[in-house]
Amino acid sequence: MKKRRVVVTGLGLVSCFGMDTTKFYKDLLAGKSGVRPIDQFDCSGYPTRFAASVSEFEVGDYVEKKQARRVDPFILYTMVAGKRALEHGNITPEILATLRKDRCGIIIGSGMGGMKVFYDGAQTILNKGYKRLTPFFVPYIITNMGGALLAIDLGFMGPNYSLSTACATGNYSILSAAEHIRKGEADLMLCGGAEAPITQVGLSGFVAIKALSERNENPMQASRPWDKDRDGFVMGEGCGVLLLESLEHAQKRGAPILAEYLGGALTCDAYHMTDPKEDGEGVALCIKKALEDAGIQKEDINYVNAHATATIVGDLAEIRGMKRIFSPQDYKKIKINSTKCMTGHCFGAAGAIEAQAVIQAIMTGWVHPMINCDNIEPEAAEFDIIQHAEKHSISAAISNSFGFGGHNSTLVFAPYRP
């Protein structure tokens, strides 16, 4: 069966740099850090006291006021970013009314779901008893509810579910949404990931597994992918939503085409609960399958937005996986960066936020720098790790995301070529 072409026509975002997609990328190009001290709760006794928290977030008229006070932040981020993606794609209320709603769907996942609502509910049970627990407790913690409430508001009756593959969630959701369009099951899909983990329970959990940087004296320099002195990742949060359409559907309504989704792949390390396989075998298999699905050669890739979180094992496992695919003569032709050096690690939202960085790079012809990478690991230094914002004409790009449990995902984007 011939697969339909899939294009990106809109972007929606909630991030540590705000909600404006253009400003978001300008801040990345400027090498700004979104990391700051945590002020949502008292964490003075924690070994890590900073994160890349969402800033300049306004619900506005995107969510009804009473509902906005009740739902978990990850749901709010989903609904706002989803509706802003439609606006960015020039889907006005008038156009929205003309869409075939049975062929419009939503796949926006979350790695952890409603952590604030869960924590607050647990406190209520412990301190006041179960009878005082809100009846909204279960609906507002489950990972599918952001996409479900968004569909209720929009009337989208097509494919709608959530995926949860830890830090690979955003990529898994984008790939799955694209497949529904490719197969002719949908014309338009909102897809991506959302996460709001910066709570007492979220911070405590990652402190317990000793995954976080402890550079409290200089948090903006704490996220250091591929740097020899990295000491763990920095927590981030937010939401990224892509508006995908079949090429025919986008052309028919005169939509702005930002980039084309060429393909993607999913694999599993089948190795360890939290650690990646150090030799990068699963990463390599994922990239190989993604290139095959995209119908392009490895020589066509000249930009990689890496997963690189600033963990000791993970950063080099990804590099080793890429070396299994690309030959030494390709290394310096491929520009590589990691958005997490500025946004922190946004977990289930990471892949979708970073896909937007890739699409912005395609649109603008500029790739953002790696900050805090002062002493590059020799294995990584064989590639062209971007130190300053650079002009770069992208032929095709890959965006990697990997998650606890060994979940690997690779997406391939390129400029739209008629």
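**Notebook: a histidine, three positive phi values, a helix and a pocket**

I started with His-392 and found it in the loop between β12 (390-391) and β13 (397-403). A reminder to myself before going on: this is a predicted model.

**Entry on His-392.** Is His-392 buried or exposed? I looked up its relative accessible area, which is 10%; buried means under 20%, so His-392 counts as buried. Next I asked which backbone oxygen lies 2.8 Å from a polar atom of its side chain. That oxygen belongs to Asn-302. I then listed what His-392 touches, leaving out residues up to four places away in sequence: Asn-302, Tyr-303, Lys-335, Gly-365, Trp-366 and Val-367. Asn-302 thus turns up both in this list and as the owner of the oxygen beside the histidine side chain.

**Entry on positive phi.** I went looking for residues other than glycine with a positive phi. Glu-56 has one, at about 55°, and I found this residue in the loop between β3 (50-51) and α2 (65-70). Its relative accessible area is 55%; the cut-off for exposed is over 50%, so Glu-56 is exposed.

Ala-310 also has a positive phi, near 85°. I placed Ala-310 in the loop between β8 (303-305) and α11 (312-325). Ala-310 is buried, with a relative accessible area of 0%, whereas Glu-56 is exposed.

**Entry on helix α8.** Which residues of α8 (residues 200-208) are buried? My list reads Gly-202, Leu-203 and Phe-206. Looking down the axis of α8, I see these buried residues fall within an arc of 95°, so they line one face of the helix. Then I checked what covers them, and α5 (115-128) is included in that cover. Just after α8 comes Lys-210, and I noted its positive phi, near 55°.

**Entry on the largest pocket.** I wanted to know how much space lies in the largest pocket, and the value is about 550 Å³. I counted 34 residues in its lining, and those nearest the centre are Thr-274, Asp-275, Pro-276, Thr-311 and Phe-404. The elements giving two or more residues to this lining are α11, β13 and β14 (407-414). Which of the elements gives the most to the lining? It is α11, with six residues. This is the helix that follows the loop holding Ala-310. Sorted by class, the lining has 15 nonpolar, 13 polar and six charged residues.

Definitions and conventions. Residues are numbered from 1 along each chain as its sequence is written. This is a predicted model: local features need pLDDT of at least 70, side-chain atom pairs count only at pLDDT 80 or more; totals for chains, interfaces and linings use all residues. Side-chain values use heavy atoms; hydrogens and water are left out. Helices (H or I, at least four residues) and strands (E, at least two) are DSSP runs, numbered from the N terminus. Buried means under 20% relative accessible area, exposed over 50%, partly exposed in between (1.4 Å probe, protein chains only). A polar contact is a pair of N or O atoms within 3.5 Å; within protein, one must be able to donate a hydrogen and the other to accept it, and residues adjacent in sequence count only if both atoms are side-chain atoms. Contact means heavy atoms within 4.5 Å. The arc is that of the directions from the helix axis to the C-beta atoms. On a 1 Å grid over the protein atoms alone, a cavity is a set of points where a 1.4 Å probe fits but cannot get out, and a pocket is an open set with protein on both sides within 12 Å along at least five of seven lines; lining residues have an atom within 4 Å of a point. Grid points are joined across faces, edges and corners, and a volume is the space filled by probe spheres set on the points. Ala, Val, Leu, Ile, Met, Phe, Trp, Tyr, Cys and Pro count as nonpolar, Asp, Glu, Lys and Arg as charged, and the others, Gly among them, as polar.
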